[in-house]
Amino acid sequence: MLVTIRKQLRNHPALIPLFFFIGGGAAMSMLYLARLGLRNPDVSWDRKNNPEPWNKLGPTDQYKVCLRVFGGNR
């Protein structure tokens, strides 16, 4: 597969920026997903030592609340 890509890039050098930006975008999206999975306080990877991490939130900690109201006046 890499040989085919190399042939195409030699025959069509205008494709080089396309591969560069698509590869960079894919790498940045993977880094962002890794950051969300590792740094986000809403994600808990350790079930044995911290099974319910939301119980350890203090009254001054910031967390998300989603309120959905169906029907009624807006």
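Two residues are taken to be in contact when heavy atoms of theirs lie within 4.5 Å. By this criterion, Gly 37 touches Val 43 and Trp 45, with residues up to four places away in sequence not counted. The model discussed here is predicted, so local features need pLDDT of at least 70 and side-chain atom pairs count only at pLDDT 80 or more, while totals for chains, interfaces and linings use all residues. Residues are numbered from 1 along each chain as its sequence is written, and side-chain values use heavy atoms, leaving out hydrogens and water.

A look at the whole chain is a good place to start. The protein chain has 2 helices and 0 strands; these are DSSP runs numbered from the N terminus, with helices being H or I of at least four residues and strands being E of at least two. Its radius of gyration is 23 Å, well over the 11 Å given by the globule rule for 74 residues, so the chain is more spread out than a compact globule. The radius is taken over C-alpha atoms, and the rule is 2.2 Å times the number of residues to the power 0.38. Along the principal axes, the C-alpha atoms fill a box of roughly 60 × 45 × 20 Å.

The surface comes next. About 7900 Å² of the protein chain is exposed, with carbon and sulfur atoms supplying 61% of that area, as computed by the Shrake-Rupley method with a 1.4 Å probe, only the protein chains shown counting as cover for residues. Of the 74 residues, 3% count as buried, where buried means under 20% relative accessible area, exposed over 50%, and partly exposed in between. Gly 37, in helix α2, is buried because its relative accessible area is 15%. From Gly 37 to Arg 6 the separation is 31 residues in sequence and 35 Å in space, C-alpha to C-alpha.

Helix α2 (residues 16-39) also holds Phe 19, which counts as partly exposed because its relative accessibility is 41%. What of its neighbours in sequence? Phe 20 is exposed because its relative accessibility reaches 60%, and Phe 21 is exposed too, at 61%.

Ring centres of Phe, Tyr and Trp (its six-membered ring) within 6.5 Å make a pair, called stacked for planes under 30 degrees apart, edge-to-face for over 60 and tilted for the rest. The count comes to 1 aromatic pair. Phe 20 and Phe 21 form this edge-to-face pair, at 5.3 Å centre to centre with 80° between the planes.

Conventions. Buried means under 20% relative accessible area, exposed over 50%, partly exposed in between (1.4 Å probe, protein chains only).
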